[in-house]
Amino acid sequence: MMDCVSDGNLITGVIYKAHPEYIQLVVKALGGKIAGSDKRILFLCGDFMEDYEVTVPLQSLQALGCHVDAVCPKKKAGDFCPTAVHDFEGDQTYTEKPGHNFILTASYEGLDASSYDALVIPGGRSPEYLALDETVIALVKKFMQSKKPVASICHGQQILAAAGVLKGRKCTAYPAVKLNVVLGGATWLEPDPIDRCYTDENLVTGAAWPGHPQFVSQLMALLGIRVSF
């Protein structure tokens, strides 16, 4: 179900799980070259994380040729996390619907964080409880203290605030998380429009999945990954 086929100017794939190869074939067909993609990226996952906010950045980084692992506390490789889809449909806040089951690629226990070049934190519901996990807090602190790139979107910044790593930093988040960011000691950057993302030294932050193009490209810049045509 993850197969793609390239036949002359025609590229076809089966389902969304084929996106990494599908994107690679499109880039190749356009004469593109990818450099600097020998990176290892870690995704910090949890139950009912936002579907798009884990799947789109992860598949984008895979398409670039990065090695990407997705882990969740108390789960191992092959287990899954249920996800939620948060949408913006004209109400005073986002709506929530069931998403796909997301398969984890590595086990959390025994994880060697030092072997990864960057950390990505999706939003959704999961940051609410992951922020209470001492092992998660230690993991986030390790990445921030080492100055490795950390990219966090939407409610993911709840974890950053709980880890105490936002003091003196500049960042954005989903507007409902503003209080966490400000009380965490950061300077709030307004996500206006909602797809706007920001980079402050090693930290990339975004407000919601409409910001994925900026979110991924800003992380690419920190990692030294380039696509040229």
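Strand 4 and strand 9 (residues 118–121) pair in the parallel sense, over three bridges. I start there, and a few words on terms come next. The model is predicted, with local features needing pLDDT of at least 70 and side-chain atom pairs counting only at pLDDT 80 or more, while totals for chains, interfaces and linings use all residues. Residues are numbered from 1 along each chain as its sequence is written, and side-chain values use heavy atoms, with hydrogens and water left out.

Strands (E, at least two residues) and helices (H or I, at least four) are DSSP runs, numbered from the N terminus. Two strands pair if DSSP finds at least two bridges between them.

Back to strand 4. Its other pairing here is with strand 6 (residues 67–71): five bridges join the two, and they run parallel. Ile41 shows both pairings. Its bridge partner in strand 6 is Val68, and in strand 9 the partner is Ala118. How many of the five residues of strand 4 are buried? Four are, so the strand, residues 40–44, is mostly covered. Buried means under 20% relative accessible area, exposed means over 50%, and partly exposed lies in between, using a 1.4 Å probe and protein chains only.

After strand 4 comes a loop that leads to strand 5, and Cys45 lies in that loop. Cys45 is buried, with a relative accessible area of 0%. Cys45 and Cys72 are 27 residues apart in sequence, yet 4.9 Å apart in space, C-alpha to C-alpha. Contact means heavy atoms within 4.5 Å. Leaving aside neighbours within four places in sequence, Cys45 is in contact with a list of residues that includes Val54, Ala70, Val71, Cys72, Cys81, Phe102 and Leu130.

Now a second sheet. This one is open and has three strands in the order 5-7-8, with mixed pairing. Which strands stand at the edges? Strand 5 (49–50) and strand 8 (95–103) do, each with a single partner strand, so one side of each is left without a neighbour in the sheet.

Strand 5 and strand 7 run parallel, joined by two bridges. Glu50 has Ala84 of strand 7 as its bridge partner. Strand 7 (residues 80–87) pairs with strand 8 in the antiparallel sense, over seven bridges. Two of the facing pairs can be named: Asp87 stands opposite Thr95 in strand 8, and His86 stands opposite Glu96 in strand 8. In a regular strand the side chains alternate between the two faces of the sheet. Six of the eight residues of strand 7 are buried, so this strand is largely enclosed by the rest of the structure.

Next, empty space. Rolling a probe the size of a water molecule over the atoms shows where empty space is left. The search uses a 1 Å grid over the protein atoms alone: a cavity is a set of points where a 1.4 Å probe fits but cannot get out, and a pocket is an open set with protein on both sides within 12 Å along at least five of seven lines. Lining residues have an atom within 4 Å of a point. Grid points are joined across faces, edges and corners, and a volume is the space filled by probe spheres set on the points.

By this rule there is one cavity of 30 Å³ or more. The largest cavity holds about 30 Å³ of space. Its lining consists of Pro57, Leu61, Val120, Phe215, Val216 and Leu219. Helix 2 (51–63) and helix 7 (212–223) each supply at least two of these residues, and helix 7 gives the most, with three. By class the cavity lining has six nonpolar, no polar and no charged residues. Ala, Val, Leu, Ile, Met, Phe, Trp, Tyr, Cys and Pro count as nonpolar, Asp, Glu, Lys and Arg as charged, and the others, Gly among them, as polar.

The largest pocket has a volume of about 330 Å³. Of its 15 lining residues, Lys17, Leu58, Gln59, Phe102 and Ile103 lie nearest its centre. Helix 2 and strand 8 each supply at least two lining residues, with the largest share, five, coming from helix 2. The pocket lining has six nonpolar, seven polar and two charged residues.

Last, one residue of helix 7, Gln218. Is Gln218 buried or exposed? At 17% relative accessibility, Gln218 counts as buried. Not counting residues up to four places away in sequence, Gln218 touches Cys197, Tyr198, Thr199 and Val204. With Thr199 there is also a polar contact, side chain to side chain, at 2.6 Å. A polar contact is a pair of N or O atoms within 3.5 Å; within protein, one must be able to donate a hydrogen and the other to accept it, and residues adjacent in sequence count only if both atoms are side-chain atoms.
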